[in-house]
Amino acid sequence: MDERRYTRRDFLRVALAVAASPTLLVACAEGPKERVVNFFNWSRYIDPKTLPRFTKRTGIQVNYQEFADEEEMFAKLRSGALGYDLIVGTDYMIPRMKALNIIAPYPPGVLKNLGNIDRQFRRTPYDPDDAFTVPYLWGTTGIGFNKKKLAKPPTSWLDLWDPRYSGKIAMLDNARDCISLALMLKGYPETETSDAAFKAVRDLLLKQRPLVRQYTSSTYVDSLVAGEVVMAMAWSGDVLQAARENPQLDYVIPKEGSYIWVDNLCLVRGSQHREDTLRLVDYLLEPKVAAEIADKVRYASPNAAAKPLLDASLRDDPRVFPPKREMEQLKFHALLDPDAVELWNDTWSDIKVA
Amino acid sequence: MIGRRVSRFSALSTYVAALYAFLYLPLAVMFVFSFNDARRNVVWKGFTLSWYGRLFHDAELIGALGTSLRLALTAAAIASVLGLLASYAMARHPAFKGRQTYNALFSVPLMMPEVVMGVSLLAFFVRVRIPLDFGSLACAHALIALPYTISSIRARLLSLRDSRLEDAAMDLGATEWQAFRKITLPLAWPAIFSGALLAFTVSFEDFVTTFFIAGIGIVTMPIKVYSMMKFGVTPEINALACCLLALTMLLLAGNRLLSRDPAAR
Amino acid sequence: MTQTAEAAAENLPARRESRAEKLLSWLIRGASPAASHLLLLPAAAWLLVFLLLPVACLLALSLATRGPYGTVVWSFTWANFGRALNPMYLPVLLRTAAYAGSATGLCLALGFPLAYYLSFYAGKRRETLLVMLMIPFWTSCLVAIYSWMIILGRHGLLNDLLGRLGLIQAPLPLLNNGFSVVLGLVYFYIPFMVLPLYGSLEKIPRAYLEAAYDLGASPAEAFLKVTLPLSLPGVFAGCLLTFVPCMGDFLTAEFLGGPRNFLIGNLIQNQFLMSQDWPFGAALTALLVLSLISGLYFYQRLEARQIEP
């Protein structure tokens, strides 16, 4: 009986030691001279081989972590970035992160490879001085669909309002995408905040609501694969990644045009590893590296020098790199002032609970 | 009469079997789909074992598992200590003023949906500038686990009260502390252990509170599963859940062996 | 049994108690209320710091104003409550109560026979069955939700099976509606109902039932007059333990529900993590807490009346 008791006590002791040891290890590892970059990125948004190669070349370790939802991340960023050095932020997040002092400007002239970036992605509405952002990857918002279940492929955004597909349509679950779409379809500029415009937006989205199976930014690809929905408002790369394994999926940018979004590499304010972080950013800007990442994740690279190095199947895919005529129909999201953001969010909340 | 009882009994057992089938249906699906040869685990494409192999090479999943284990161990340890102290006073001390207040206080967490705890803690931590790190998360988990350790240990201490073993020891000259250490504590061990186990699993499985207050870069198993759900669940998650389930069963079997009343033998 | 005590007494070192041991003995004896308070202090402080203070902070937040970019401005306003109570948002709370209520009722209806079986008929299998009841609860609920999505989908396993059996012509709408949300809630919270029910049924002295039979009661009468009234504490506890978490659930509705099944938990989560309107989210949470507290108050009065006649 006594023996048994001691084993149990030992178990607890071992358990506590196990619980404590990684903390101790981390505490010991954090010497001042250590060369490390803490990099925070979207899930599945890099080639797994990229960072080990960087470490091999420079000796700088990269502590790589992923997030799944930007708004969730942002809610927590407010309590502090917890020692991150480099984070990826989508265009519309940049003004917020700037206003809340989360990100810091790039020192001018340090990045050797910055010139590789396509001019189209510089002087953008969200960062007019090119101070805070280095574009990483970009994509579009459009319609993902299941070719087998549709009589003909959708061509217009209004196909998402087609009552024939009632209960088989999914919409992205955020104000950003849905309100901007409704404004565009109603012929208003994105910065419009008049009552008339928002009444029209409300009416349009409420008219669609009974047809919508789910408002979701996450599970719509699964629903498309399983045939639960036949059309979904979608982000390009999500659908195209899944289309590699499920050839019945396809993606289209509707004829009315759409929005481009850009994910950017941003420096975190108060970072302790600025120099090494800049080396990592410069490395990610190298044509070969940028091309290998884009090939892996199936999103378009803003790196002009990388484009010739891309896999032909990606480079020549009009769904990834739209042809010039379609490109002209694509816009960056406009810069909204805080009042407009509130109006958008409130409208979206109202539509969801209606 | 007997015939009727038997038919009632068999109807009832059929019902119970059906209910257990309902409870185990998703687990069976989870198990079968862990062998699915598709990256998007919503339609069956074919049989493969590769997800189980991949599991052991996925650094992120293993990292998340490690975080969850550390978190659950820390929370269970805190909750067990707090629970032991509190339940001893509640179960063994003579009546004192304010006992009812404590009782009411300890039942508050059961009256709060977890989403309330999650957003309150988030608002609170951000307001008073407590960093959303491992420590604050572990403290919150200990809070969620506390009612479980208290109820488990208190029940055992109450049932031990009647055996008067401590009195016997003190009659033989032991002090209260010695009687506690040599008699009460060993006899209460099974309950402390199963309370801790319960606390461990509550923390290990907790999603809602963690979802709101896990700081950036703190990824527990349930959070990892959630983020994978956002980007498409691969059968790897099913494989992992099956392995964890097997582990849980082993732990339960172990606990059952350990928690057999030592005094009874 | 007393061997243990004797053995312990023999092991006693023949030395005087140190000061620390005296203190420990004083704590254990609990003759003075101070000792009790001292032992209870750590747990109570924990609850105070990590539960009551945060809830107070949330209540304060619900009266604050939102600032630009999701910040909070600490100026007093009732506006968040005004918005939460407007005819647009109030139905969400009512819908949540309806879903949580039906899930609780179903759990009771489905769980009572199980608890009854476990207590009266299970015999040797009882312990195994009890553990088996808990095992699904220990599996990641997200993975279970995903399995339900596979089962209930338009082309899911269940529709496929029914179609092959020729029972249905067209797939049934089983997913992303009220049915799937309530089913999910029942699935996740049924152990919370069965365990307290089982506990109270276990406590019924079997002699009472024998006495009832001896007095000529039929099994139905014995059940209605003895078993059922004596199991009421378990019914009340089970309903409480099921209803409360159902009211706050948001995962089930997020993945198994559709646009018409938006619950208060989803709304709260949206305000905190998507719209970044924390004061409004806090007001919604406060409303949820207040309605639960007032509900619990009446519930406890009802319980007191039912159980102690």
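Start with chain A, whose domain assignment gives domain 1 (36-138 + 261-321) and domain 2 (139-259 + 334-353); such bounds come from an automatic or database domain assignment. This is a predicted model, in which local features need pLDDT of at least 70, side-chain atom pairs count only at pLDDT 80 or more, and totals for chains, interfaces and linings use all residues. Residues are numbered from 1 along each chain as its sequence is written, while chains are lettered from A and ligands numbered from 1 in the order in which they are written.

Colour the two domains of chain A separately. Their centres, taken over C-alpha atoms, are 26 Å apart. At the junction, 13 residues of domain 1 of chain A are in contact with eleven residues of domain 2 of chain A (contact: C-beta atoms, placed from the backbone, within 7 Å). The domain 1 side has eleven nonpolar, no polar and two charged residues (nonpolar: Ala, Val, Leu, Ile, Met, Phe, Trp, Tyr, Cys and Pro; charged: Asp, Glu, Lys and Arg; polar: the others, Gly among them).

Next, select chains B and C. Here 79 residues of chain B are in contact with 75 residues of chain C. Helix H1 (residues 2-33) of chain B supplies the largest share of the chain B side, 15 residues. That side divides into 62 nonpolar, ten polar and seven charged residues.

Finally, show chain C alone. It has 14 helices and two strands (DSSP runs numbered from the N terminus: helices H or I, at least four residues; strands E, at least two). Along its principal axes, the C-alpha trace of chain C spans about 75 × 65 × 40 Å.

Note on methods: Contact = placed C-beta atoms within 7 Å.
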